[in-house]
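Biologist: I have the sequence and the coordinates open now. Could you walk me through a few spots?

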Amino acid sequence: MTGSADDRIMWLAGLLCRPTRREAAHAVTVRAKATAGFDAAELLQNAGTILIDDRNERLREFGNRVRATDPVLALAFKMIALSTDDSAATAHIVPGAIGLLCSADGDTSEALRVWDDVARGKYIGDDFFELAEMYWRGEMQFIVAAGPGAAMRDRYQHPALTLLMHSRWDAALSWLHGASADVAQRWRLDDVMACSTDRGAVASVIADLVDDLYATGTPSAGALALAWQTADPRKPHSFSFLPQLQCAIDNADLEAEDDADVRERIRIWWRAAEGEWTDSKFSVFRITAIETAIETAPGDDLPDLVKPFTTLTSDELTQALGLPAGPTLVVMPQHSASKLNNFHAQYKDLVDAPLPLIVVRDVARIRAALHAEFPHAVAGVDLLLRDLREAKPTRLAPICLVGSPGCGKSRMVRRLADFLRVYVYRYDAASSADSQFGGTGKAWSNTEPSVPARAVAQSKTANPTVLIDEIDKAAARNWNGRLWDALLPFLDRETAGRYRDQSLDCELDLSMVSYVATANDATKLPSPLRDRFRIINIPAPTLQHLPALAAQVMRDLAIEDESRQADAPLAGDELAVIAKAWSRAGFSMRALQKIVGATLEARDSHAMRH
Amino acid sequence: MTKRSVAARRELERDIDSYACGEVPSALAMMRAARVVQWYVMVRRRGKESVMVIRGEVRGHSEIPDGESIQTSAIVWFDRKNRFVRTGTRLYVLGEQIGREIPIEGIDV
């Protein structure tokens, strides 16, 4: 037996903070080797299998063997043996561990609650340790970031660095106003706020405040003075304080992630000092927010492609997406293809070509982003993402999103595809009155392959998504065939894997293509189709979701129209007016877009002009 | 690290701490420091990071004759009232800034 009971519990707490299962497993083997009575040679011999796979049986066996001598080590073995899809075993083991750790280390038991949530299906992934690291730490950081100014000041250690993290000039100003309340003279601060809308006047008032703060002569007042120094991208020489700000960053002992964030932002300030934005009307905070958002926005982290997406070869695409050894699939094997005619020129490249499969990356982030964007359909989002597995090729079981007009169904599919970086081929069912979805025969003078084959050819990937919009509006008559029947072979994975396209006359492997349909009323669909689709009801948003959705609409407007980027958030009275108009319009997202747009226009027309 | 560089580093830290509290170099230090006139600011890239330097004509430098054009090393403190700059190794007193920074309104140059 090694160490006291407390030591062992502390060791277990430390183990749970390991970032991955692999590292944790390594720590356990090291511990087990050091524990008396354990066959180190056998353990080492089996170390490879412990760290890779086939884990459950062998690890439990090890756990049972040390249970009498070291129960904590036995528990550690069992915890490493847990797999994320075994909720029964998790429910049995995790509460015990929480109970054990509660007394010793509260924070670590919080990490274990993430394990619990994984078992209940709240988070998806293959590694408890990785998930705990991601969510537990994420939550802790969220709490710190959302806390009062003092907490932020401590985190970045210097008010100027906290200020650097703001995305808007007015937000930065009001934060700094609050942070300076104890140090600066009240009337000086009031002066600043009184003329805060006039950037020309505020600069000279702030210069006086900076003089005052430096005159105080204390390090804390000096730090605030540095934070107060204003910079205007139109006047690069106003950035002359950057050397001391850089010095503050170099001297601060920040967490690696915070340090990277701060440095990324100050690089943009340096670019402003070089005169890159002399004709910009935005503040340096706004410019920084825009620049960092462009670099880190989900879906936008692709390299700058010189050619359009659809004209890349599969190799180029693989390289561009950073998938050097990613999975591939031959959609159009040579042995089952006949000679292609002139209509099929673009399909010649597909013959025997291993097309890349787009792999799921960071489901947790996608889930969180979709939850934030569709607060009224959290359950729908979870169902939509149920099939996605981290680091596995993207494929959704056929899904039909059902909801009232304008509740955000098509947008949800588009946003999901953006996040997953898969290609979406949109097919409008309302204008389909035949079976052209499945392609037209090769014998016809003008022939066209099936829609999924076209999606593969255009995306040059093996797993695009086909969006069948308004599927309930497709013609129900069966004159030249109909969409509903043409869809059936594609929705069954077995049949889709060997689909003979009548235009290409080739047996295609379309098993990895995803199909998502939208409908207002699923009861109109024939029963074979209803059986094959997973029906997900998307509820219409309600008034409680208005603030989040209106903010989302404003962000969309800002993306479309640069002049909207400086708009202040909607005020309470504006939201009240929007709420009234929106309830009359029946809670549709399209109506909300119009109402928010109109509100902003009304605000513009009543704005004070100088 | 030599004794001399350790001493220079300590002096730099002390100077930065005092500037951060709002102090300025002593009259004696200002008098002994090299002076740069007709100066202008430049931002230079050093790998991923950037640094600010001053270019101008030097006066009273211990190693460079008066009137030579110089470029300072990276500035670690730039006085907000353009009175002096501190680089890693020495203090420079700033004289007159080069004319192109000052707009001449109403005169057709």
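Biologist: Which residues does Asp509(A) touch, not counting residues up to four places away in sequence?

Modeller: Bearing in mind that this is a predicted model, Asp509(A) touches Leu329(A), Val330(A), Val331(A), Ala496(A) and Gly497(A), once residues up to four places away in sequence are set aside.

Biologist: And where does Asp509(A) lie in chain A?

Modeller: Asp509(A) is in the loop that runs between β7 (506-508) and β8 (514-519) of chain A.

Biologist: Which side chain of opposite charge is nearest to Asp509(A)?

Modeller: That is Arg493(A), but it is 7.3 Å away, and Asp509(A), although buried, has no salt bridge. With a salt bridge taken as a side-chain nitrogen within 4 Å of a carboxyl oxygen, that distance does not qualify. What the side chain of Asp509(A) does have is a polar contact of 2.6 Å with the side chain of Ser511(A).

Biologist: Let's move to the sheet. In what order do the five strands of the open sheet in chain A come?

Modeller: The order is β4-β5-β8-β3-β9 in chain A, with parallel pairing. In this sheet β4 (424-428) and β9 (534-537) of chain A are the edge strands, each with a single partner strand, so one side of each has no neighbour in the sheet. From one strand to the next, the twist averages 20°.

Biologist: How many bridges join β4(A) and β5 of chain A?

Modeller: Five bridges, in the parallel sense, link β4(A) to strand β5 (residues 465-469) of chain A. As for individual residues, Arg426(A) stands opposite Leu467(A) in β5(A).

Biologist: Which strands does helix α22 of chain A lie across?

Modeller: Helix α22 (residues 451-459) of chain A lies across β4, β5 and β8 of chain A, and its direction is at about 145° to β4(A).

Biologist: Switching to the other chain, how many helices and strands does chain B have?

Modeller: Chain B has two helices and six strands, and from the N terminus on its elements follow the order α-α-β-β-β-β-β-β. Of its 109 residues, 35% count as buried.

Biologist: What is phi of Gln38(B) near?

Modeller: Phi of Gln38(B) is near 50°, which is a positive value in a residue other than glycine. Gln38(B) sits in strand β1 (residues 34-46) of chain B and is partly exposed, at a relative accessible area of 30%.

Biologist: And where does Asp352(A) lie?

Modeller: Asp352(A) is in the loop between β1 (328-330) and β2 (354-356) of chain A; its phi, near 60°, is positive in a residue other than glycine, and at 42% relative accessibility Asp352(A) counts as partly exposed.

How values were computed. Residues numbered from 1 in each chain as written. Chains lettered and ligands numbered in written order. Predicted model: local features only at pLDDT ≥ 70, side-chain atom pairs only at ≥ 80, totals over all residues. Heavy atoms only, no water. Helix = DSSP H or I, 4+ residues; strand = E, 2+ residues; numbered from the N terminus. Buried < 20%, exposed > 50% of the residue type's maximum accessible area, 1.4 Å probe, protein only. Lys, Arg positive; Asp, Glu negative; His and termini not counted. Polar contact = N/O pair within 3.5 Å; in protein donor to acceptor, adjacent residues only side chain to side chain. Contact = heavy atoms within 4.5 Å. Pairing = 2+ DSSP bridges. Axes fitted to C-alpha atoms, helices over the stretch in contact; angles between N-to-C directions.
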